[in-house]
Amino acid sequence: MVEKALGSVSYEVPGESVTKFKARRSLYIAMSIRKGEVLTEMHVKSVRPSWGLHPKYYESILGKRVNCDLELGDRLSLDVID
């Protein structure tokens, strides 16, 4: 009875929540930046949809160098930051 009362664990995202991911914000490149340049507030902005890096990383990526050329509108990811 105890096992039945505890139920089972499911880590799947419910169907209605998947569409909400699109409404979330993420970090994108706001202006072109070349390999080796330092990310500043002018280079990064938080926009929708949420296909890029989560905004919680905003403060931690400022002042870091990028390891490749990035253009306006590119999604930001931790892979491109040294």
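The questions and answers below go through a predicted model of one chain.

Me: How many helices and strands does the chain have, and which pattern does it follow along the sequence?
Reply: The chain of this predicted model has three helices and two strands. Read from the start of the sequence onwards, these elements follow one another in the pattern α-α-β-β-α.

Me: In which helix is confidence lowest?
Reply: Averaged over the chain, the pLDDT is 85, and 87% of the residues score at least 70. Confidence is highest in H3, at 93, whereas the lowest mean, 59, belongs to another helix. Where pLDDT is low, the predicted coordinates should not be read in detail. That caution concerns residues 15-21, which form helix H2.

Me: Which residue is linked to both Asp-69 and Glu-71 in the network of salt bridges?
Reply: The structure holds two salt bridges. In one of them the side chain of Asp-69 meets that of Arg-34 at 3.8 Å, N to O, and this pair joins distant parts of the chain, since Asp-69 lies in the segment after helix H3 (58-61) and Arg-34 in the loop between S1 and S2, 35 residues apart. In the other, Glu-71 pairs with Arg-34, with the closest N and O atoms 3.0 Å apart, and here 37 residues separate the partners along the chain. The residue that takes part in both bridges is Arg-34.

Me: Are the residues of this network buried, partly exposed or exposed?
Reply: The cut-offs that matter are 20%, under which a residue is buried, and 50%, over which it is exposed. Asp-69 has a relative accessibility of 45%, Arg-34 has a relative accessible area of 38%, and the value for Glu-71 is 35%. Because these values lie between the two cut-offs, Asp-69, Arg-34 and Glu-71 are partly exposed.

Me: Is His-43 buried or exposed?
Reply: His-43 is found in the loop between strand S1 (26-29) and strand S2 (44-47). Not counting residues up to four places away in sequence, His-43 touches Tyr-28, Ile-29, Ala-30, Met-31, Ser-32, Ile-33, Glu-37 and Val-38. Its relative accessibility is 7%, and therefore His-43 counts as buried.

Me: What is the relative accessibility of Met-42?
Reply: Met-42, like His-43, is found in the loop between S1 and S2. Leaving aside neighbours within four places in sequence, Met-42 is in contact with Ala-30 and Met-31, and its C-alpha is 9.9 Å from that of Leu-62, 20 residues apart in sequence. Met-42 counts as exposed because its relative accessibility is 58%.

Me: To which residue does the backbone nitrogen that lies 3.1 Å from a polar side-chain atom of Ser-26 belong?
Reply: Ser-26 lies in strand S1, and at 0% relative accessibility it counts as buried. Beyond its neighbours within four places in sequence, Ser-26 is in contact with Lys-45, Ser-46, Val-47, Pro-49, Ser-50, Trp-51, Gly-52, Leu-53 and Pro-55. Among these contacts, the residue whose backbone nitrogen lies 3.1 Å from a polar atom of the Ser-26 side chain is Gly-52.

Me: How many residues make up the largest nonpolar core?
Reply: In soluble globular proteins, nonpolar side chains tend to be buried together. In this chain the largest such core includes Leu-27, Ile-29, Val-44, Leu-53, Val-66 and Leu-70. Ile-81 also belongs to the core, and among the residues that Ile-81 touches are Leu-39, Ile-61 and Leu-76. Counted in full, the core has 12 residues.

Me: Which residues does Tyr-58 touch, not counting those up to four places away in sequence?
Reply: Tyr-58 has its place in helix H3, where its relative accessibility of 22% makes it partly exposed. The C-alpha atoms of Tyr-58 and Thr-40 are separated by 10.0 Å, although the two residues are 18 apart along the chain. With residues up to four places away left out, Tyr-58 touches Leu-27, Glu-41 and Val-44.

Me: What share of the chain's accessible surface belongs to carbon and sulfur atoms?
Reply: Of the 82 residues of the chain, 20% count as buried. The accessible surface comes to about 6200 Å², and the share that belongs to carbon and sulfur atoms is 55%.

Key: Residues numbered from 1 in each chain as written. Predicted model: local features only at pLDDT ≥ 70, side-chain atom pairs only at ≥ 80, totals over all residues. Heavy atoms only, no water. Helix = DSSP H or I, 4+ residues; strand = E, 2+ residues; numbered from the N terminus. Buried < 20%, exposed > 50% of the residue type's maximum accessible area, 1.4 Å probe, protein only. Contact = heavy atoms within 4.5 Å. Core = buried A, V, L, I, M, F, W, Y, C linked by side-chain atoms within 4.5 Å. Salt bridge = Lys/Arg side-chain N within 4 Å of Asp/Glu carboxyl O. pLDDT = per-residue confidence, 0-100. Polar contact = N/O pair within 3.5 Å; in protein donor to acceptor, adjacent residues only side chain to side chain. Areas by Shrake-Rupley, 256 points an atom, 1.4 Å probe, with all protein chains shown as cover.
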